[in-house]
Amino acid sequence: MNADNAEDPPKARLVTEVWGVFRSFLAARRNLLEIIPEAATRRPILSGRTGGVRWHMVCDPASIRRILKDNVANYPKSPVTKNILEPAIGDSLFVAEGEHWRWQRQAAAPVFTYRNVAALAPIMSEAADAACRRLETCGGKAEMHEAMVRATFDVIGRVTLTGSGRMDSAFVHGAIESYIASTARISLLDIAGIPMRIPRLRQWTSTKPLRTIRRIADEAIAHRIASGPMPVPDVLDALLDGIDPESGRRMNPHELRDNLLAFIVAGHETTALALAWSLFLLAYDPGVQERLRAETIAVLGGRTATAADVNRLSLTRQVIDEALRLYPPAAILSRSAQRADELCGRDIRQGDTVILPIYALHRHHQLWDRPDSFDPDRFSNGRPVDRFAYLPFGDGPRVCIGASFALTEAVIILATLISRFRFRRLPGPGPKPVMILTLRPHGGIHLEVEALPSRTAS
Ligand code: HEM
């Protein structure tokens, strides 16, 4: 086993011994990453049986390609994803399977074309400016995870809920948080195949906030139907326009609302995490931060970044790519085998759980040089390794529909922030990567924030 390099940014403590059901249960409640064996960062496949359920953790790019693409019909999302999210977002795009998934995906696709994302990008530039204004008055210190959640909610809220008249981001985010806190910690145990039956009493606590968010979404839908589409079609317009090519039907109000909420849940915290971890890594490596500042000032010259700048902000994009490698927000994906198959020469049986530990894949010793180090230059010529070794957005037909939206947003916000502020670490322990539905910085990302005297020079 490699010794930890003191220079490397914080990483999760992976398991190095065989754990029983109870210990795995406690670890999964604390931090789902702690159910990943350290050996997953060195071997192509690990298999086991926990509480009667057979599971396989796969880190072999060719096998992952088979699971996500070539034999995708055999590996639908495992019931755990559905169990956590269905009460909140129904049988929407994120959780649906088969034909019901296909037509919802087609209905939403027009929002995420390159042209439409560029047309929506002014909303992202405005959110970047608003985030800068808040940092100017933060008193020199800020918790950047929360700050980035606020910024990305400004964006997703405007492309989904405009018209509700109730766009209180703190409220909507708080309600989603309380829902996730009450369901995800328990239900994710199923990923490990641990058949614990725990009364889900805490779900009650989420019922009222969830009802209120649903009402807000319903208001937005009713308002949009009455007022007609926005000048630039947003998520709600696309969903209202979507027609099932087979049956010719449109989404009913229930389906519209579930999908709106799906986009909010899937879209804002993930992008906020990409930004927050990027800022942490830049504070941790001031040399890279200065290089990045030089790029942003050269390209932006003091302006707020726009979609037209994104292709020229290549180091900004590399930093985000590297943050998504070290701290992938969707750090574990899970599938359920429908029929017998073979992966890495190993028998997969019907009903086996197939886990893609993206966190371990991105730090795999056979796939990456110095896997735990922060080095955005590894992305200087595009993707440095096998396409199926770097999967922050998944791949195949279920690949993240919002990937280019998220990357455009992250580049615009990060470049604008770095061109206007210098970020430094504060004394004390750094954040700990903890997975609760997404990979979050436990303890927060507390940084010193110095407003730069001039927007054109550092
Ligand atoms: C950095 C930000 C993001 C990351 C890391 C991310 C990651 C992912 C991943 C890994 C998946 C595939 C899950 C699986 O195969 O089990 C996914 C699916 C999805 N994402 Fe994202 N996502 C991000 C941003 C967004 C945004 C901005 C939106 C929408 C505005 C979005 C909407 C969705 C939806 C609807 C799906 C389900 C697609 C389908 O099943 O057809 N995501 N995302």
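Colleague: In which loop is R370 placed?
Modeller: This is a predicted model: local features need pLDDT of at least 70, side-chain atom pairs count only at pLDDT 80 or more, and totals for chains, interfaces and linings use all residues. Numbering starts from 1 along each chain as its sequence is written. Helices (DSSP runs of H or I, at least four residues) and strands (runs of E, at least two) are numbered from the N terminus. R370 sits in the loop between α13 (358-361) and α14 (403-420).

Colleague: Which burial class does R370 fall into?
Modeller: R370 is not a glycine, yet its phi is positive, about 40°. A residue is buried with 20 or more other C-beta atoms within 10 Å of its own, exposed with 12 or fewer, and partly exposed in between; C-beta atoms are placed from the backbone. R370 has 14 other C-beta atoms within 10 Å, so it is partly exposed.

Colleague: What is the phi of C344?
Modeller: C344 lies in the loop between β5 and β6 (346-348). With 17 C-beta neighbours inside 10 Å, C344 counts as partly exposed. It is not a glycine, but its phi is positive, at about 50°.

Colleague: Which helix gives the most to the largest nonpolar core?
Modeller: A nonpolar core is a set of buried Ala, Val, Leu, Ile, Met, Phe, Trp, Tyr and Cys residues joined through C-beta atoms within 7 Å. The largest has 127 residues, and A276, L279, V411 and I413 have the most contacts inside it. With 19 residues (helix span 253-284), the top contributor is α10.

Colleague: How are α10 and α12 oriented to each other?
Modeller: Axes are lines fitted to C-alpha atoms, for helices over the stretch in contact, with angles of 0 to 180 degrees between N-to-C directions. The axes of α10 and α12 (residues 314-326) come within 9 Å and cross at roughly 105°. Under 35 degrees counts as roughly parallel, over 145 as roughly antiparallel, 65 to 115 as roughly perpendicular and the rest as oblique. The two helices are therefore roughly perpendicular.

Colleague: Which residues of α12 meet α10?
Modeller: A contact needs C-beta atoms, placed from the backbone, within 7 Å. On the α10 side are A274, W277, S278, L281 and L282; on the α12 side are V319, I320, A323 and L324.

Colleague: How far is L313 from T296 in space?
Modeller: L313 lies in the loop between α11 (286-300) and α12. It is buried, with 23 other C-beta atoms within 10 Å. Beyond four places in sequence, its contacts include T296, V299 and V411. L313 and T296 are 17 residues apart in sequence, but C-alpha to C-alpha they are separated by 6.9 Å.

Colleague: How many residues of α6 are buried?
Modeller: Helix α6 (144-160) reaches 24 Å from first C-alpha to last, close to the 24 Å expected (1.5 Å times one less than its number of residues). It is largely enclosed by the rest of the structure, because its buried residues number 14 of the 17.

Colleague: Which strands are among the cover of the buried residues of α2?
Modeller: Helix α2 (61-70) has P61, S63, I64, R66, I67 and L68 buried. Their cover includes β1 (45-50), β2 (53-58), β4 (333-336), β5 (341-343) and β7 (353-356).

Colleague: What percentage of the protein's residues count as buried?
Modeller: The protein has 14 helices and eleven strands. Of its 458 residues, the buried share is 47%.

Methods
Two residues are in contact if their C-beta atoms, placed from the backbone, lie within 7 Å.
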